[in-house]
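Welcome! Here are some short exercises to work through with the structure in view. Take each task first, then follow the solution.

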Amino acid sequence: MRHQSLTHSNWGIKFQHAQGIYMGISSNKVEVLKAKYAHKQSIGKLVTSTNVFYDSELWTLKSSHIGSIMLDGKDSNYAELVLVRVDGRQRLVRYWYRVGGTDYAKKWQVKLYQGVEHFLSSTQYAYVNALSIDYLDGEQAKIKADRKLDLWMSQYATGLLRVLQ
């Protein structure tokens, strides 16, 4: 699947002061973001209130949950957000953090394991990976969007994990 680079996201994801950042969109309209943070850097942190997964002035959180999928040969957790806009558009966002080769969906886990990795390992970086896709209102449209993200994650997430290494 071909990817095109982006300079900004359609859903307002923002990760500031990253050591590296990649944003793109696939031919089937899955938007991707990956940001890299050092465990100890002078400006910026991976988990902070200024790093957001959507623009809250444009989107409202409709629901959220934790899901799981096989990535890179391991069972990996991700957080999933369902967003809605005033015009009725909806957006599915999935994200996960990778610290020391393990994936986490919860921010407190990331903070804890970044500290552990800093002292016990040679791993110097942690990452956030996020996917998003627009869909029309309705359960069938949501199911179709879920399937597109499942397919993308099963086929291409391993490649995304290697970006910015």
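**Exercise 1.** Find the polar contact that joins the side chains of Glu80 and Arg94, and say how it is classed.

*Solution.* Start with the distance: the two side chains make a polar contact of 2.7 Å. (Such a contact is a pair of N or O atoms within 3.5 Å, one able to donate a hydrogen and the other to accept it; residues adjacent in sequence count only if both atoms are side-chain atoms.) Next, the class: Glu80 and Arg94 form a salt bridge, meaning a side-chain nitrogen of Lys or Arg within 4 Å of a carboxyl oxygen of Asp or Glu. Finally, Glu80 lies in β5 and Arg94 in β6, so the pair ties together parts 14 residues apart in sequence.

This is a predicted model, where local features need pLDDT of at least 70 and side-chain atom pairs pLDDT 80 or more, while totals for chains, interfaces and linings use all residues. Residues are numbered from 1 along each chain as its sequence is written, and side-chain values use heavy atoms, leaving out hydrogens and water.

**Exercise 2.** Decide whether Glu80 and Arg94 are buried or exposed.

*Solution.* Buried means under 20% relative accessible area, exposed over 50%, partly exposed in between (1.4 Å probe, protein chains only). Glu80 has 2%, so Glu80 is buried. Arg94, with 1%, is buried too.

**Exercise 3.** Which residues do the shared salt bridges join into one network?

*Solution.* Lys142 bridges to Glu80, with N and O atoms 3.5 Å apart. Asp150 meets Arg94 at 2.7 Å. Through shared partners, Glu80, Arg94, Lys142, Asp146 and Asp150 form one network.

How values were computed: Helices (H or I, at least four residues) and strands (E, at least two) are DSSP runs, numbered from the N terminus.
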